[in-house]
Amino acid sequence: MCLCTLIFPDLALGKNAKEIRSGEIWPDNQGVHVNAHGGGVLYHKGTYYWYGENKSDTTSSAMVGIMCYSSRNLYDWKKEGVALPVVLDDEFSDITKGCIMERPKVIYNKKTKKFVMWFHLELKGKGYAAARSAVAVSDTPQGPFKYIRSERINPGKLPFDMTETQRAMLDTLDADKYKQWWTPVWYEAINKGLFVKRDLQGGQMARDMQLFVDDDGKAYHIYSSEDNLTLQIAELSDDYLSHTGKYIRIAPAGHNEAPAIFKRNGEYWMITSGCTGWAPNEARMFSAPSIWGPWKKHPNPCRGPKSEITFGGQSTYVLPVAGKKDAFIFMADIWRPKHPSDARYIWLPIQFENGVPYVEWMDSWSLDFFDKNNLNINAHQKMLAIVMKAMASIF
Ligand code: GAL
């Protein structure tokens with residue numbers, strides 16, 4: 001056996017022992033492809049918990065519930081099981097088998113010591129009409145989570161940053177005048193809050209969603225609202241179990257879905273998708289100096305082949321890697337609507353150019369990509385030095 005194989009067995013194989021390979025089958029500890037789609041990851045006490053939609057082979061409706069997997073290294077995933085099961089014996093339950101439970105996210109509340117899950121809920125047999133958010137809570141990260149309720153967001157409340165003049169203008173908007181979508185007058189009316197007004201009494205619609213806990217412990221719910229036309233960011237209560245009534249609107253009529261948010265050097269970044277159902281489209285990106293904006297639009301953060309369709313995926317989460325500075329993983333789903341359980345995962349490192357995030361496809365990569373002094377380069381250099389030394393002693 002050669003000297004290098006003994007010292008650097010992984011390098012001798014020509015690759016790192018552990019790799020992230022987007023688009024491939026990701027076997028869990030039982031050898032089965034991870035079933036946690038539209039997911040998000042919570043880091044808690046040295047372990048990552050990945051929550052996502054369980055998808056069956058033939059339907060995207062919830063037949064099982066929300067799954068949880070755990071990992072200490074982000075490569076090896078242990079199936080923890082169903083964190084929030086669908087209800088089997090009550091057809092009137094919000095989460096009865098056959099409903100739609102999408103894009104679950106879990107955050108930990110330091111004050112209450114509870115794990116709080118929010119997800120997008122659609123009632124069984126009602127398509128995507130309900131546009132509700134649902135909340136569940138657990139004492140442990142793996143669950144089982146206890147289902148609490150589902151609802152539309154902030155009934156009776158207008159965005160807190162809407163001025164008195166804008167509020168007065170809202171009163172004059174007559175829905176009957178704007179039945180035809182995408183016309184200039186319709187855009188203007190959406191911008192002014194036509195659908196906010198429409199949904200004021202019952203609460204704002206919420207479909208694709210994200211949660212974000214800021215450095216001060218305050219949590220926010222970010223969701224596609226107003227018939228998927230406009231994103232809203234709403235503050236959660238101190239226990240994270242309800243909304244406070246404070247919210248803003250972002251990019252009215254911009255048709256943004258799949259919001260994934262992260263914070264770097266005090267700046268908030270959000271990657272979203274367009275709105276084309278299960279088919280991939282071009283990602284979008286926004287940034288803001290405060291969670292309350294102003295949110296500014298940037299060009300597509302994806303680069304290289306298939307960047308115009310987010311490499312075939314749709315954003316779901318940005319995962320900050322624990323213990324590594326400026327290390328964020330862009331997570332997306334490659335949907336397979338004809339065989340939903342075979343949907344694949346895209347996990348790619350977020351890179352920065354002049355402080356602006358971008359994402360490039362990599363067939364495989366490992367977490368040492370993030371290290372400033374890339375370990376691989378160091379290892380190669382060390383190996384070279386040893387070989388040179390050995391050769392020098394021979395000649
Ligand atoms: C996507 C959305 C998914 C799912 C799908 C249904 O746009 O991001 O979470 O709702 O539509 O067609």
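Which strands each supply at least two residues of the lining of the largest cavity? Keep that in mind while going through the points below; the model is a predicted one.

1. The cavity. The strands asked about are β19 and β20, each giving at least two residues to the lining of the largest cavity. β19 has the largest share, with three residues. Searching the whole structure turns up one cavity of 30 Å³ or more, and the space in the largest cavity comes to about 30 Å³.

2. What lines the cavity. If you want to click through the lining, pick A36, G39, W50, T316, M331, A332, D333, Y345 and W347. By character, six of the lining residues are nonpolar, two are polar and one is charged.

3. Strand β20 and its neighbours. β20 covers residues 344-353, and eight of its 10 residues are buried, so call the strand mostly covered. On one pairing, β20 meets β19 (residues 328-334) in the antiparallel sense, with six bridges. To find that pairing on screen, look for I329, whose bridge partner in β20 is P349. β20 also runs antiparallel to β21 (residues 356-360), and here four bridges join the two. F352 is a handy marker for this second pairing, as F352 stands opposite P357 in β21.

4. The turn after β20. β20 and β21 make a hairpin with two residues between the strands. Have a look at N354 there, which takes a positive phi near 50°.

5. Another hairpin, β13 and β14. Strand β13 (residues 257-264) is mostly covered, with seven of its eight residues buried. Its partner is β14 (residues 267-273), running antiparallel and joined to β13 by six bridges. One bridge to check is K263 with Y268 in β14. Two residues sit between the strands of this hairpin, and N265 in the turn has a positive phi of about 50°.

6. Aromatic pairs. There are 28 aromatic pairs in the structure. One of them is W26 with W50, an edge-to-face pair with 6.0 Å centre to centre and 75° between the planes. This pair links distant parts of the chain: W26 belongs to the loop between α2 (9-12) and β1 (37-44), W50 belongs to strand β2 (residues 47-53), and the two are 24 residues apart. Both tryptophans, W26 and W50, are buried.

7. A tilted pair for contrast. What sort of pair do the rings of Y108 and F115 make? Their centres are 4.7 Å apart and their planes are at 40°, so the pair counts as tilted. Y108 and F115 are both buried.

8. The aromatic cluster. W26 and W50 turn up again in one aromatic cluster, together with Y69, W77, Y345 and W347. Among these, W50, Y345 and W347 are also on the list of residues lining the largest cavity, so the cluster is worth displaying alongside point 2.

9. Arginines over rings. Which arginine lies over the face of F195? That is R198, at 4.0 Å from the ring centre. A second case is R303, which lies over the face of Y358, at 3.6 Å from the ring centre. Y358 falls within the residue range of β21 (residues 356-360), which brings us back to the hairpin in point 4.

Terms used
Residues numbered from 1 in each chain as written. Predicted model: local features only at pLDDT ≥ 70, side-chain atom pairs only at ≥ 80, totals over all residues. Heavy atoms only, no water. Phe/Tyr/Trp six-rings, centres within 6.5 Å; stacked < 30°, edge-to-face > 60°. Buried < 20%, exposed > 50% of the residue type's maximum accessible area, 1.4 Å probe, protein only. Lys NZ or Arg CZ within 6 Å of the ring centre and 35° of its normal. Pairing = 2+ DSSP bridges. 1 Å grid on protein atoms, 1.4 Å probe; cavity = no way out; pocket = protein on both sides within 12 Å on 5 of 7 lines; lining within 4 Å. Points joined across faces, edges and corners; volume = space filled by probe spheres on them. Nonpolar A, V, L, I, M, F, W, Y, C, P; charged D, E, K, R; others polar.
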